[in-house]
2 protein chains.
Amino acid sequence: MKAAIVAALLVAASSAATQSMPTPGEILASAPAADWQAVPAEDLLLLEFAGNRTLAIQLAPAFAPGHIANIRKLVADGWFERNAAIVRVQENYVVQWGDPSEKAPLPAGLIPSPDDGYERAGEAPGYHPLPYRDAYASSIGHAGGWPIAADGKAHWLPHCPAMLGVGRNMAPDTGSGAELYVVIGHGPRHLDRNIALVGRVLEGMENISALPRGTGPLGMYEKPEQRVPLVQARFAGSLPPAERPHFEVLKSESASFARWIQARANRKDAFFIGPAGGADLCNLMPPVRRSDQLK
Amino acid sequence: MKAAIVAALLVAASSAATQSMPTPGEILASAPAADWQAVPAEDLLLLEFAGNRTLAIQLAPAFAPGHIANIRKLVADGWFERNAAIVRVQENYVVQWGDPSEKAPLPAGLIPSPDDGYERAGEAPGYHPLPYRDAYASSIGHAGGWPIAADGKAHWLPHCPAMLGVGRNMAPDTGSGAELYVVIGHGPRHLDRNIALVGRVLEGMENISALPRGTGPLGMYEKPEQRVPLVQARFAGSLPPAERPHFEVLKSESASFARWIQARANRKDAFFIGPAGGADLCNLMPPVRRSDQLK
């Protein structure tokens with residue numbers, strides 16, 4: 001953990017061939033192109049908050065089709081850019097944005113309180129369970145590039161850092177999609193199946209997680225000037241092809257993914273003296289890379 | 001999660017008498033004074049970084065006597081104030097401070113590489129295990145106001161947000177205590193038993209977790225001017241009694257603690273529609289309060 005260790009780790013990484021077990025980073029660096037899947041441009045939501053605070057978000061339409069249909073309408077309408085700002089930053093919990101006035105009219109045609117984003121019945125298609133224990137679900141694993149929690153009857157996305165959820169009022173309201181939050185801090189998994197999750201921040205967490213915490217109840221900003229306006233919201237698919245960022249997620253079913261999990265749960269690179277033999281789902285978020293920046 | 005819910009939650013809290021199950025906050029508010037234990041002034045480390053960024057830290061001498069003896073010597077010597085600054089902020093991982101030059105001579109009499117802070121043999125005195133699953137340990141629970149992980153042969157402190165650890169170089173080095181880090185983000189529990197943990201931040205996490213992330217390897221600040229100097233380090237016990245802050249931690253063995261755990265793991269207050277029936281150790285950090293600010 002010392003500054004000096006940076007040099008030592010870089011040396012270790014460059015001598016991978018002499019090590020018996022590669023590090024998680026080495027496994028990713030050597031994963032074949034076929035083990036990565038592209039994030040569809042139509043699901044890649046690009047946000048920019050004031051101060052060049054950008055986020056690239058992958059939406060999960062299979063998990064929350066209704067909420068995401070609403071988000072697409074809100075983006076197409078320009079509603080976020082006209083009305084939304086970060087209004088809440090609660091330490092070790094969430095960053096949340098929406099309409100501070102709560103009075104801006106929503107575009108026509110939104111689905112009221114979509115009935116999705118909480119859980120899906122049955123097993124996730126292509127589910128790869130992990131043999132590790134979890135406090136909130138009888139089974140955890142991955143499917144389709146997403147972290148998954150399950151109980152044999154249903155499966156759902158977990159509240160891990162960088163996951164995107166839909167703010168709501170008291171149930172049975174499930175939220176419109178006009179108010180969104182991102183998890184920062186230790187995953188508040190007790191929110192699983194209590195609030196709709198609709199995606200994951202792939203890039204830019206550091207642009208929102210370092211915002212000042214709000215001093216009001218629940219971390220609300222108490223002064224209007226503390227709010228951080230959302231200045232641009234658009235989908236990568238709406239940009240000219242040459243201007244689109246491209247992201248890839250490691251395929252859950254790939255051999256590289258299985259090797260990466262093994263290495264994460266059993267760290268044997270030089271710094272570690274005792275491997276854990278297991279790992280938490282939120283510490284096993286599917287690896288992501290910018291495929292347009294590969295050398 | 002909406003702004004409007006703040007009002008709703010406050011209403012719910014004020015009508016506790018009419019609810020069948022109190023919220024975690026209501027349980028803490030009604031816990032008798034005898035269920036709280038004072039944090040010893042001699043273990044309460046008060047730090048101030050530039051920009052009025054204060055931290056109140058409870059050290060855990062039972063877990064890491066050697067490292068903490070070193071930290072006491074470093075504080076008494078004024079070494080931190082002369083030499084230390086925050087040099088690293090890594091997203092979803094740690095904030096770390098130490099001597100950026102790595103050349104400042106350490107005070108005489110430090111124990112080299114203390115052999116503690118990783119794990120302790122046997123069961124923690126006064127251990128109260130939880131019935132919840134954990135990916136990193138066969139048993140989790142609490143003892144003496146601390147979160148505990150255990151495997152039947154030994155027990156240890158977990159890498160949860162706000163826990164304080166000792167930076168080190170490659171093993172068998174365990175660090176001197178002159179370089180320290182605090183966990184931010186999802187608990188990197190794979191570091192458990194690989195690095196010495198020596199305490200917990202009781203107050204002020206928002207003063208360091210919102211610092212800009214470093215852009216160098218491992219989140220190191222790349223420019224000297226980005227570093228945040230540590231301007232004051234002293235123990236509450238060294239202050240005149242009238243000037244000392246006072247903190248209390250809910251007793252692990254108290255009835256209030258058991259009720260708080262139950263409520264945290266089975267949220268039934270108005271916002272929740274499906275209680276989890278379990279909770280992660282890092283989401284069950286022992287409750288803390290400022291006893292000098294009680295009304």
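Two strands are said to pair if DSSP finds at least two bridges between them, and I start with that definition because the largest part of what I want to show you rests on it. Please keep in mind throughout that the structure above is a predicted model.

With that in hand, look at chain A, where eight strands make a closed barrel in the order β2-β3-β13-β11-β12-β5-β4-β14, and the pairing is antiparallel. Neighbouring strands of this sheet are turned against each other by 35° on average, with direction ignored. For one piece of the barrel, take strand β5 of chain A, residues 94-98, and strand β12 of chain A, residues 180-183, which run antiparallel and are joined by four bridges. If you would like to find that pairing on the screen, go to A:Trp97, whose bridge partner in β12(A) is A:Leu180.

Now let us move to strand β9 of chain A, which covers residues 146-150. Are its residues buried or exposed? The strand is mostly covered, and five of its five residues are buried. In general, the side chains of a regular strand alternate between the two faces of the sheet. Here A:Trp146, A:Ile148 and A:Ala150 point one way from β9(A), while A:Pro147 and A:Ala149 point the other way, and all of them are buried.

Which strands does β9(A) pair with? One of them is strand β8 of chain A, residues 139-143, which runs antiparallel to β9(A) and is joined to it by five bridges, and among the residues involved, A:Ala143 has A:Trp146 as its bridge partner. These two strands form a hairpin with two residues between them, and in the turn A:Gly144 has a positive phi of about 60°. Another is strand β10 of chain A, residues 154-156, which pairs with β9(A) in the antiparallel sense over two bridges, with A:Trp156 as the bridge partner of A:Ala149. This pair also forms a hairpin, with three residues between the strands, and A:Gly152 in the turn has a positive phi of about 90°.

Finally, I would like to turn to chain B and to a single residue, B:Glu81, which is found in helix α4, residues 79-83. Why does B:Glu81 count as partly exposed? It does so because it has 17 C-beta neighbours inside 10 Å, whereas a buried residue would need 20 or more and an exposed one would have 12 or fewer. Leaving aside neighbours within four places in sequence, B:Glu81 is in contact with B:Leu230, B:Val231, B:Gln232 and B:Ala233. B:Leu47, in turn, lies 34 residues from B:Glu81 in sequence and 9.5 Å from it in space, taken from C-alpha to C-alpha.

Definitions and conventions:
Residues numbered from 1 in each chain as written. Chains lettered and ligands numbered in written order. Predicted model: local features only at pLDDT ≥ 70, side-chain atom pairs only at ≥ 80, totals over all residues. Contact = placed C-beta atoms within 7 Å. Axes fitted to C-alpha atoms, helices over the stretch in contact; angles between N-to-C directions.
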